[in-house]
Amino acid sequence: MKVLITGGAGFIGSTIASACLDQGIEPVIVDDFSTGRREFTQGRVCYEGDISDGPLIDRIFAEHPDIEATVCCAAKIVVPESVAEPLYYYTENVAKGLALLDHLLRNGNHRVLFSSSAAIYESGLGITERAPLNPLSPYARTKAVFENALEDITGGSALRAISLRYFNPIGADPKMRSGLQVMKPTHALGVMIDKFHAGQPYPVTGTNWETRDGTGIRDYVHVWDLARAHTAALRAFDTIVPVSGDTYRVINLGSGTGTTVLELIKAFENVTGQPVPTQLTDRRPGDTAGAYPDITLADTLLNWRPELSVEQGIADSLAWYSQRETILRGADE
């Protein structure tokens, strides 16, 4: 089996490519390297360019006519940047994605696996795929808009698609082939790692939320488990979205239980064997208690449940952190 992975030089795309290789699926990568890393594509078939470039996509399929599906990971994902530059986000995440779908249809490639986001949901505990959507940022709205487009296009063409809605990816490829390429991450675990190494307290924003310990709850899923879900979806694609039947499905990917801030701190301490100093602060404007998904559908359709713990995600994140500066800065010199 051979698959095209757009954005295959990024954190998640490169990990999916590694999982594919480990399972006998050959990835063909296309990436413009605006945020992806060239070293994440070493030894892999890779094309440099834009997903909206029709001649490039035509060339890829002419040289690899046996590509059976496309995994769409190419996207801009920084929420504050999307607020500052919404037109850029709609161009990159929606307009170029629609152009790609046109190129895929022209080349007879009718299977699409789309990297979506739980950011399109309202907050809630045990969120199912039928839960109300309430995307609050331009980034999240581009994901919701593109999902709507996929549903419409699959209803009126030969295209079939599965949208995988991720919660919060953590960790790195367990073999350390790739990891988070951002030097200053803003997500909770990244901030905790930076504070830990700097000897600074970690801010706990709010302790009176309606959760099991009063602190906010988020859902963390190891990026390798996410990658396994993609290979499972590729293998089961024609069963999940058959040619005759429902041609568009949505599936949640997460832990299914969530992790509170205090639980994340405790897990971090278990991994490092050292205490994490904290600073208790008030809730921030716009904060919510958080969310985690119901992952029953992923279990039913993909025979998938996460296998790697939050502790393993922390350990792999720390292992990647210890070598990423050398790897990433060395590659830039």
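Select I5 first: this residue stands opposite I29 in β2. Strands such as β2 are DSSP runs of E of at least two residues, and helices are runs of H or I of at least four, both numbered from the N terminus. The model is a predicted one, in which local features need pLDDT of at least 70 and side-chain atom pairs count only at pLDDT 80 or more, while totals for chains, interfaces and linings use all residues. Residues are numbered from 1 along each chain as its sequence is written, and side-chain values use heavy atoms, with hydrogens and water left out.

Now display residues 2-6 and 26-31, which are β1 and β2; the two strands pair in the parallel sense over five bridges. Pairing requires that DSSP find at least two bridges between two strands.

Widen the selection to the whole sheet. Its seven strands form an open sheet with parallel pairing, in the order β3-β2-β1-β4-β5-β7-β12. At the edges are β3 (45-48) and β12 (248-253), each of which pairs on one side only. From one strand to the next, the twist averages 20 degrees.

Next, add helix α5 (residues 138-155), which lies across β5 (111-117), β7 (160-166) and β12 and runs at about 155 degrees to β5. Such angles run from 0 to 180 degrees between N-to-C directions, with axes fitted to C-alpha atoms, for helices over the stretch in contact.

Turn then to helices α1 (residues 11-22) and α7 (residues 223-235), which pack at an angle of about 60 degrees with their axes 8 Å apart. That angle makes α1 oblique to α7, the class left once angles under 35 degrees count as roughly parallel, over 145 as roughly antiparallel and 65 to 115 as roughly perpendicular. To see the contact (heavy atoms within 4.5 Å), show F11, I12, T15, I16, S18, A19, C20 and D22 of α1 with V223, W224, A227, H230, T231 and L234 of α7.

Select E81 in helix α3 (residues 79-84). With 29% relative accessibility, E81 counts as partly exposed, a class between buried (under 20% relative accessible area) and exposed (over 50%), for a 1.4 Å probe and protein chains only. Leaving aside residues up to four places away in sequence, E81 touches Y88 and Y89. The C-alpha atoms of E81 and Y139 are separated by 8.5 Å, although the two residues are 58 residues apart along the chain.

Finish at helix α6 (residues 188-198), whose buried residues are L189, G190, M192, I193 and D194. After α6 comes G199, with a positive phi near 70 degrees.
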